[in-house]
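Work through the exercises below with the sequence and the model open. Each task is followed by its solution.

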Amino acid sequence: MPDYNICFAGAAGDGIKEAGVLAAKLFSKLGYNAFVYQEYQSLIRGGHNASVVRFSEKKVRSHRYYYDILICLEDYVYDKHKKRLRGMLIHDSKFNLNGKAVPMTEFVKEEQKPLFFRNAVALGVLTYVFGIDFEVLEDVFIESYGNKASDDIILAEEGYSFAEENFEKLEELEKIGEEKKVHSGNEMVALGMIKAGLERFYAYPMTPTSPILHFLVRREDVIAYQPESEIAAIMMTIGSAFAGKRAATATSGGGFALMTESISLAGMAEVPVLIVYGQRSAPSTGMATYTAQEDLYFALNPAHGEFPLIVASPIDCEDAYKLGAELLNLAWKFQTPAILLSDKHLLESYETVNYPKVRRERISIVRGSEGVFKRYEITQNGISPYAVPPAIVKANSNEHDEYGFTTDDAEIARVMYEKRMRKMREIEKNVKNSYVEEGKGNETIVTWGSNYGAVREVAEELGFKVVAVRFLKPLDVPKIKENSYCVECNYQGLLAGMIEREQRIKLRRILRWDGRPFTPEELREVLK
């Protein structure tokens, strides 16, 4: 069964990310599953970028540590990757790297194109090496770039012809199934929110969630807008929800820190908002383009005061689609903030995907009233009727009565506080048994977020049971055995600590905090 791991490496400005995504689309056209890991520095030009593409007949949710093919568009990146190479090296012939040299720069200069078109030449070579008809790659370029694809096609064909004359094929890949769709985690979150009725999206750019804004601004079914700050973004989200429009925002740690007072406002005013929170290496600016799971406790306790809050973390791109829809629905059902907590690795990686079945769950909205509407009516489950203008509605960040008028009366404050907090019991019922539990091994690995892909692969191979936690507030996790493993990308084992306190057990931690995700090989070395 083919299972290849290919790394494109070069500088910022070499089109490394695009090369990886296009390669995934190439293999997916033949029915293969693919996964693309993106690694890049916070630079516009120069430095080091890598895109690792894995494809296989089986479902893959992780790249591998070692490369079957390394494609270097700059010579200096070779030293960074050579210890991982276990196969073919392909590079620009202007560098002396003792691999399979291709005159990429010469081809590009002959066509009088910018040097980033070398990635098209490399893709042409790759297409031949795997015995794929050039027309398949041509279709990928046309579908990706439309009328602008002609230059890529010309240069890719030169790379293909050169490889045909000078190299042997590694495989003769044939079509094994229907073409699969390729999306990033960010795109799947966006598509899931749209499926659940997203109408407005506001965000100030911040890695790794900026692509959600870029993706939505091109669509006609959502109004997407970039305001002047993260504070403005969440306040516009709250304002749209107050007016009856399903709205969301997205950010990372630094932007989320600015949103905290507004999140507390949404909790008091019982306004439904969805915040997509993409974790990256911290504290402070940390390593702004690298992954982490260090912000769990911050997301669980994002603002002053007690109020109902929903926090969940997707385990792969398809789950990002599912939770994007589910959390938007839950925010509106319970009229409270919801946080989709993910990380750079999942959000900016690409996968071949299916689309889980999700839908918009509609709630009753009152749009007219005679006099001031009893917006915060005391109810048994804590959920009051939701009303929007032109109904006469008063939203309030102060403690208030059922009509929304400010109060400091002790009895009214007690009853209103209890009303809001009763929603947590209902939320717990809605998310019960939301975790993923797989395998029947005697030993268990617990994890959350993007670690799931590598963990699942190794657990299946070594005979472990896997528990992937999705809902973190309220925490929904089955009974875990003493001394089970917990895999996380942070220093202390934050989820492990939560489970230990709740179940009064001790877990063994497998942790990393260097900004890089786990690969199956690295986990296997620890677990075997």
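**Exercise 1. Find what covers the buried residues of helix 14, and check the helix itself.**

Solution. Helix 10 (253-269) and helix 15 (423-431) are among the elements that cover the buried residues of helix 14; helices here are DSSP runs of H or I with at least four residues, and strands are runs of E with at least two, numbered from the N terminus. The model is predicted: local features need pLDDT of at least 70 and side-chain atom pairs pLDDT 80 or more, while totals for chains, interfaces and linings use all residues. Residues are numbered from 1 along each chain as its sequence is written, and side-chain values use heavy atoms, without hydrogens and water.

Step 1: list the buried residues. They are Met 416, Lys 419 and Arg 420, where buried means under 20% relative accessible area, exposed over 50% and partly exposed in between (1.4 Å probe, protein chains only).

Step 2: place them around the axis. They cover an arc of only 95 degrees, so they lie on the same side of helix 14; the arc is taken from the directions from the helix axis to the C-beta atoms. An α-helix has 3.6 residues a turn, so residues three or four places apart point the same way.

Step 3: check the length. Helix 14 (residues 410-421) has twelve residues, which at 1.5 Å a residue should span 16 Å, and its end C-alpha atoms are 17 Å apart, in agreement. The expected span is 1.5 Å times one less than the number of residues.

Step 4: look at the N-terminal end. Asp 409 caps it, with a side-chain oxygen 3.0 Å from the backbone nitrogen of Glu 411.

**Exercise 2. Describe the surroundings of Gln 38.**

Solution. Step 1: locate the residue. Gln 38 belongs to strand 2 (residues 33-40).

Step 2: classify it. Its relative accessible area is 3%, so Gln 38 is buried.

Step 3: find a side-chain partner. Gln 38 and Ser 51 make a polar contact through their side chains, at 3.1 Å. A polar contact is a pair of N or O atoms within 3.5 Å; within protein, one must be able to donate a hydrogen and the other to accept it, and residues adjacent in sequence count only if both atoms are side-chain atoms.

Step 4: list contacts (heavy atoms within 4.5 Å). Beyond four places in sequence, the residues in contact with Gln 38 include Lys 17, Val 21, Lys 344 and Tyr 350.

**Exercise 3. Is Glu 428 buried or partly exposed?**

Solution. Glu 428 sits in helix 15. At 42% relative accessibility, Glu 428 is partly exposed.
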